[in-house]
Amino acid sequence: MKNFYRITGYDPKHDFSFVLESRGMFEKKWQFSAFLIQHGLKIIDIEDLVIIDNMPDDNEHLYLRKSENSKLV
């Protein structure tokens, strides 16, 4: 079974917030957050996703779920 995580984050350079899901790309939450921090992004929240029957688990993907101008807090 693959690990699914969701991170809410902020890009201070471009002033936008986002909700990004990792489906199987990272084994641990800290690996996902470290990947984003390396790209200059700030982490606001991170959570485990509950696996639902219709969620694909055969491929490794990042999904952008939401993006907005300015900070989401």
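1. Elements and overall layout. Helices here are DSSP runs of H or I with at least four residues, and strands are E runs of at least two, numbered from the N terminus. On that basis the protein chain has 1 helix and 4 strands. The model is predicted. Read along the sequence, the order of elements is β-β-α-β-β.

2. Burial and surface. The protein chain has 73 residues, and buried residues make up 30% of them. The chain exposes about 5,100 Å². Carbon and sulfur atoms supply 50% of that area.

3. Contact range. Take the contacts between residues at least 6 apart in sequence. Of these, 68% join residues at least 24 apart. Points 5, 6 and 7 give individual cases.

4. The core. Which residues form the largest nonpolar core? There are 8 residues in the set: Tyr 5, Ile 7, Phe 18, Leu 20, Phe 26, Phe 32, Leu 36 and Leu 41. Three elements each give two or more residues to this core. They are strand S1 (4-11), strand S2 (16-23) and helix H1 (29-38).

5. Leu 36. This residue sits in helix H1. Its relative accessibility is 3%, so Leu 36 counts as buried. Leaving aside residues up to four places away in sequence, Leu 36 touches Ile 7, Phe 18, Leu 20, Leu 41 and Ile 43. Of those partners, Ile 7, Phe 18, Leu 20 and Leu 41 are listed with Leu 36 in the largest nonpolar core. A further spacing can be checked against Tyr 10: the two residues are 26 apart in sequence, and their C-alpha atoms are 9.9 Å apart in space.

6. Ser 22. Is Ser 22 buried or exposed? The relative accessible area of Ser 22 is 0%, so the residue is buried. Ser 22 is part of strand S2. Its contacts, not counting residues up to four places away in sequence, are with Asn 3, Phe 4, Tyr 5, Phe 32, His 61 and Leu 62. Two of these partners, Tyr 5 and Phe 32, belong to the largest nonpolar core.

7. Asp 15. This residue deserves a check of its backbone. Asp 15 lies in the loop between S1 and S2. Its phi is near 55°, a positive value in a residue other than glycine. Most residues other than glycine have a negative phi. The relative accessible area of Asp 15 is 36%, so the residue is partly exposed. The side chain of Asp 15 makes a polar contact with the side chain of Tyr 10, at 2.6 Å. Where does Asp 15 stand relative to Ser 70? The two are 55 residues apart in sequence, but 5.0 Å apart in space, C-alpha to C-alpha.

8. Aromatic pairs. A pair of aromatic rings is described by the distance of the centres and the angle of the planes. The count comes to 3 aromatic pairs. One of them joins Phe 16 and Phe 18. This pair is tilted, with 6.2 Å centre to centre and 55° between the planes. Phe 16 has 25% relative accessibility and so counts as partly exposed. Phe 18 is buried, with a relative accessible area of 4%. Phe 26 and Phe 35 have ring centres 5.5 Å apart and planes at 45°, so this pair is tilted. The tilted class covers plane angles that are neither under 30 degrees nor over 60.

9. The phenylalanine cluster. Ring pairs link Phe 26, Phe 32 and Phe 35 into a cluster. Phe 26 has a relative accessible area of 13% and is buried. Phe 35 stands at 30% relative accessibility, so it counts as partly exposed. Phe 26 and Phe 32 are among the residues of the largest nonpolar core. Why is Phe 35 partly exposed? Its 30% falls between the limits of under 20% for buried and over 50% for exposed.

10. Arg 23. This residue is in strand S2. At 7% relative accessibility, Arg 23 counts as buried. Arg 23 lies over the face of Tyr 63, at 4.4 Å from the ring centre. The side chain of Arg 23 also makes a polar contact with the side chain of Glu 21, at 2.8 Å.

Terms used
Residues numbered from 1 in each chain as written. Predicted model: local features only at pLDDT ≥ 70, side-chain atom pairs only at ≥ 80, totals over all residues. Heavy atoms only, no water. Core = buried A, V, L, I, M, F, W, Y, C linked by side-chain atoms within 4.5 Å. Buried < 20%, exposed > 50% of the residue type's maximum accessible area, 1.4 Å probe, protein only. Contact = heavy atoms within 4.5 Å. Areas by Shrake-Rupley, 256 points an atom, 1.4 Å probe, with all protein chains shown as cover. Polar contact = N/O pair within 3.5 Å; in protein donor to acceptor, adjacent residues only side chain to side chain. Phe/Tyr/Trp six-rings, centres within 6.5 Å; stacked < 30°, edge-to-face > 60°. Lys NZ or Arg CZ within 6 Å of the ring centre and 35° of its normal.
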